[in-house]
Amino acid sequence: MNLQKERSELEERNFYACDETLQLLIKDHLDDELFQYTDKVLSEFGKKSAGEIDERARHTDREGQPRLVKYNKMGDDISEVLVNEGYRKTVAETYETGIVGYVHKEIPELGRKGNYTYSFALGYVLSQSEPGFYCPVTLTMATAYLLDHFADDAVKEKFLKHVCATGDVSLFEGATFLTERQGGSDVGANVVKAVEEGGHFRLYGEKYFASNAGMCGVAMVLARIEGAPAGSRGLTLFAVPWRNDDGSLNGISIRRLKDKLGVRAVPSGEVEFDGARAYVVGDPKRGFYYMMEALNLSRICNAAASVGIMQRALLEAKEYARNRKAFGKSLAEFPMVQDTLGKLTAKHAVELAAIFDMIKFYQQVTDGNASDRETVLNRLFIAILKKETAEMAIHFSHEAIEMHGGNGFIEDFVTPRLLRDAQVLTVWEGTANILGLEVIRLVSKFQAHTLFIDEMSSRLERLPDGDMKDIVEKKLADLSDKLNIFAKLDSDMQTYEAKTIAKEMAYLYESIISLQMAEKYGDKYSKLAEIFIEMTWNLRNIGDEMKTVRYFSDVVI
């Protein structure tokens, strides 16, 4: 009976239908035709994600993890990765939405392409149930981007239609293999070599942390052509099919799969190349640049996954607080619980809106319509929001466990998996230290701090006057002074301060986003903006009005 009830509740849940903020944002960011299509797809996919996909994700995490079959019965190395049937079904259902494909090709029903807002909205919903599988989707998105933007016609013809498959042709999932044992984030230390043989290239060496190993149809790999200079400038980007046309392995083997803390759905392995045939993508001298462009896309995916986990953690915390009785009342009736849920609701709504604001910039960049100023700002927004959202995914997961008490620590509930899955998001696509270095580079090379101050000032000027605006204006003035000092520091001191300054920039950017939401969407979001700004800048004193309690029934739904 309890199992039947649980299944019934899962079927009724819909991660899109219950997310008012997401609905407002996509309506605001898409034209009417694309919004109507997106709304329909998300309604269907939101229900699947909250139901069947979520159940499959639980099975994959607990019992159905990918498994490496290294050898066949004759002792031949086949390096085959086996995944469960539920995972395969999730793969098919997700790619058929066009989460990757419709960024690069027409939606048949509309006769036009989708865009990144469409794709990231789907990724955000998917990550509420299966952030592990959103990793392969991210890698496939990056692969499609690299092929579409930089590959020649012959390489595009060979791979792109399969990477962008939506059920019309066979699917090639993608992968991006950067990390090597001796270098890690220091990609310039990579030593995988590319040898020209008979007019084409063969790769030799190993990649130490290769996600989607064994499942991808084509991997984007950085390697050094013999005679190329040392460092990142000597790296060339190659498209490497996992198998030959006859189905045999393309000189690739998997040494082992990693035993990871979380995101267990994605097979991450140590991959060896022994003469793998490889196709040059773009200018051989610009491989590192190309991969860094793809990395920015992956960082936005990382942020989308983070806010997805935040939303799921918040949903679980709210549901438990309403239903759990303690000391004669539901948890949701206690002011301390209302305070927690109110603050989480405000942070999530604002951070989700900031992500879609950033995606709008990113679309302009990838379409080639952005100015140099907008391109630099977009890189800055990506760095500071990737860092902030990843850290918040861990925080929200922790708070959801805290709300559940002892039950939150039990694997029968989703909360332990959320925390385990969230933890990797601070590491994937650049740790806080690496993102801090990116902020330093943007400030030192492109005066990004000045562009940031000007952009934030311009946005504030367009907002109506009020107490909250006054507070943010003062915070902007303070941050402006700090950024001007930061820009003049020596290298060691900049690295010491970088993470702190990045966090303050994220706070300021999100504060302005909260005010923009208040102006655009009205009363509920005005109250969320008050909560957000008070919480973010530690403005409340003991004994002050309890806004999270007073506004609780209006903002926590």
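Let's start in helix H5, which spans residues 85-95, where Tyr87, Thr90, Val91, Glu93, Thr94 and Tyr95 are buried. Please keep in mind throughout that this is a predicted model. The buried side of H5 has several neighbours: its buried residues pack against helices H3 (32-50), H4 (52-62), H7 (116-127) and H8 (131-150), and also against strand E5 (173-177). At the N-terminal end of H5 you will find a cap provided by asparagine 84, with a side-chain oxygen placed 3.0 Å from the backbone nitrogen of glycine 86.

**Helices H2, H7 and H3**

One of those neighbours, H7, also meets helix H2 (residues 20-29): the two axes come within 11 Å and cross at roughly 170°. An angle over 145 degrees counts as roughly antiparallel, and H2 and H7 are therefore roughly antiparallel to each other. On the H2 side the contact is made by Leu22, Ile26 and His29, while H7 contributes Thr117, Ala121, Tyr124 and Val125. Sorted by class, this contact has five nonpolar residues, two polar ones and no charged residues.

Helix H3, another of the elements packed against H5, contains leucine 34. Is leucine 34 buried or exposed? Its relative accessible area is 1%, so leucine 34 is buried. Leaving aside residues up to four places away in sequence, leucine 34 touches Ile107, Leu110, Arg112, Gly114 and Asn115. If you would like a distance to check in your viewer, the C-alpha atoms of leucine 34 and aspartate 283 are separated by 35 Å, with their positions 249 residues apart along the chain.

**Strand E11 and its partners**

Now for the strands. Which strands pair with E11 (residues 268-280) in the antiparallel sense? E7 (residues 200-211) does so over nine bridges, and E10 (residues 252-257) does so over five bridges. Strand E9 (residues 235-241) also runs antiparallel to E11 and is joined to E11 by two bridges. The table gives one bridge partner in E11 for a residue from each of these pairings.

| Residue | Bridge partner in E11 |
|---|---|
| Phenylalanine 201 | Alanine 278 |
| Phenylalanine 238 | Valine 280 |
| Leucine 257 | Glycine 269 |

**Two charged residues in strand E7**

Strand E7 is worth a second visit for its lysine 207 and glutamate 206. In a regular strand the side chains alternate between the two faces of the sheet.

Lysine 207 is buried, with a relative accessible area of 1%. What lies 2.9 Å from a polar atom of the lysine 207 side chain? The backbone oxygen of leucine 222 does. Not counting residues up to four places away in sequence, lysine 207 touches Phe177, Leu178, Thr179, Glu180, Asn190, Val192, Val221, Leu222, Gly269, Glu270, Val271 and Phe273.

Glutamate 206 is also buried, since its relative accessible area of 18% falls under the 20% cut-off. The side chain of glutamate 206 makes a polar contact of 2.6 Å with the side chain of arginine 255. With residues up to four places away in sequence left out, glutamate 206 touches Glu180, Arg181, Val192, Arg255, Val271 and Glu272.

**Helix H13 and two positive phi values**

Further along the chain, helix H13 (415-423) is mostly covered, with seven of its nine residues buried. These are Thr415, Pro416, Arg417, Leu418, Arg420, Asp421 and Ala422. The buried residues of H13 pack against H4, H8, helix H10 (287-323) and helix H12 (372-404). H4 and H8 also appear among the elements against which the buried residues of H5 pack.

The loop between H13 and helix H14 (432-446) holds glutamate 429. Most residues other than glycine have a negative phi. Glutamate 429, however, has a positive phi, near 60°. Its relative accessibility is 22%, so glutamate 429 counts as partly exposed.

Asparagine 538 is another residue other than glycine with a positive phi, here near 55°. Where does asparagine 538 lie? It lies in the loop between helix H18 (523-536) and helix H19 (547-550). Asparagine 538 is exposed, because its relative accessible area is 66%.

Terms used
Residues are numbered from 1 along each chain as its sequence is written. This is a predicted model: local features need pLDDT of at least 70, side-chain atom pairs count only at pLDDT 80 or more; totals for chains, interfaces and linings use all residues. Side-chain values use heavy atoms; hydrogens and water are left out. Buried means under 20% relative accessible area, exposed over 50%, partly exposed in between (1.4 Å probe, protein chains only). Helices (H or I, at least four residues) and strands (E, at least two) are DSSP runs, numbered from the N terminus. Contact means heavy atoms within 4.5 Å. A polar contact is a pair of N or O atoms within 3.5 Å; within protein, one must be able to donate a hydrogen and the other to accept it, and residues adjacent in sequence count only if both atoms are side-chain atoms. Axes are lines fitted to C-alpha atoms, for helices over the stretch in contact, and angles run from 0 to 180 degrees between N-to-C directions. Angles under 35 degrees count as roughly parallel, over 145 as roughly antiparallel, 65 to 115 as roughly perpendicular and the rest as oblique. Ala, Val, Leu, Ile, Met, Phe, Trp, Tyr, Cys and Pro count as nonpolar, Asp, Glu, Lys and Arg as charged, and the others, Gly among them, as polar. Two strands pair if DSSP finds at least two bridges between them.
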